[in-house]
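Trainee: Could we go through the reasons behind some structural labels together?

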Amino acid sequence: MDEVKEKFLEILEFYPHSYTVKVKQTPYEDLSNIIVTNPQNYTHHIFLPKKEDLFRFELLSALVVLGEKHHLLSTDYFDDRTREEFYDYIRTFNKLILPVRFAWAGKVASEHTPDYEKLLEETLKRIEIEYLNSLYKDNRRAALEVLPYIAFAKGLDPDWDFFNSEDLNKLLRDLVKAEPSVSNLVKFAKKFSRYIPFFGTFKIVKDPTRGLEVFSIDV
């Protein structure tokens with residue numbers, strides 16, 4: 001694990017960051033809730049996979065930079081008291097948010113990665129593998145399942161298009177051009193709801209316990 005930490009911190013050195021970064025291990029391989037930002041003492045807690053993963057290291061590094069702008073651009077906060085029946089809504093909501101964060105992370109990564117060509121190659125390879133896996137499971141929405149990875153690649157290479165749908169390609173182009181901000185995060189998440197059904201509404205509120213802005217989901 002020490003080698004994995006060292007490799008991540010080595011890549012992070014190429015990115016501009018002013019927070020202290022504490023690296024921890026996690027058994028989870030998903031790319032959803034991957035950074036916990038604590039703006040009160042300016043520390044990023046990074047949860048790494050058990051193995052070296054260039055694609056994820058670069059993604060984490062870019063999200064650290066976004067997290068310095070606002071923690072909602074890098075992570076989700078899940079309340080311990082969340083009732084189990086809400087998990088499906090949270091997962092669906094996260095599908096609206098991830099493409100936005102990943103597109104901006106790709107944009108940040110394109111400016112600071114130590115090896116742009118290698119990162120783009122790794123990203124396209126990840127898209128191909130995950131897309132084919134989703135197709136193998138007879139998922140008719142396979143392309144939307146890998147949308148966060150596609151958005152990351154679009155951030156890396158704005159001239160690259162994946163979808164047959166010009167409307168969806170245009171949405172990603174507009175997203176990459178947009179300034180990373182909480183208002184734009186909400187704006188584009190709502191636009192993605194045209195493609196990813198979400199039966200509820202959401203807004204940003206201040207958590208009275210932690211004093212942080214969080215997403216409030218009403219279903």
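Mentor: Happily; helix packing comes first, then aromatic rings and charges.
This is a predicted model, in which local features need pLDDT of at least 70, side-chain atom pairs count only at pLDDT 80 or more, and totals for chains, interfaces and linings use all residues. Residues are numbered from 1 along each chain as its sequence is written, and side-chain values use heavy atoms, with hydrogens and water left out.

Trainee: Why is α2 called roughly perpendicular to α3?

Mentor: Helix α2 (residues 54–69) and helix α3 (residues 87–112) pack at about 100°, with axes 8 Å apart. Roughly perpendicular covers 65 to 115 degrees, so the label fits α2 and α3.

Trainee: What makes the contact between them?

Mentor: On α2 there are Leu59, Ala62, Leu63, Val65 and Leu66, and on α3 Arg101, Phe102, Trp104, Ala105, Val108 and Ala109; contact means heavy atoms within 4.5 Å. These residues divide into 10 nonpolar, no polar and 1 charged.

Trainee: Why is the pair of Phe198 and Phe202 called edge-to-face?

Mentor: Ring centres must lie within 6.5 Å to pair, and planes under 30 degrees apart count as stacked, over 60 as edge-to-face and the rest as tilted. The centres of Phe198 and Phe202 are 6.3 Å apart and their planes stand at 65°, so the pair is edge-to-face. Ring pairs also link Phe93, Phe198, Phe202 and Phe215 into a cluster.

Trainee: How do you know that the charged end of Lys190 sits over the ring of Phe202?

Mentor: The rule asks for NZ of Lys or CZ of Arg within 6 Å of the ring centre and within 35 degrees of the ring normal. The charged end of Lys190 sits over the Phe202 ring, 5.8 Å from its centre. Likewise, that of Lys191 sits over the ring of Phe188, 5.1 Å from its centre.

Methods: Axes fitted to C-alpha atoms, helices over the stretch in contact; angles between N-to-C directions. Helix = DSSP H or I, 4+ residues; strand = E, 2+ residues; numbered from the N terminus. Parallel < 35°, antiparallel > 145°, perpendicular 65-115°, else oblique. Nonpolar A, V, L, I, M, F, W, Y, C, P; charged D, E, K, R; others polar. Phe/Tyr/Trp six-rings, centres within 6.5 Å; stacked < 30°, edge-to-face > 60°.
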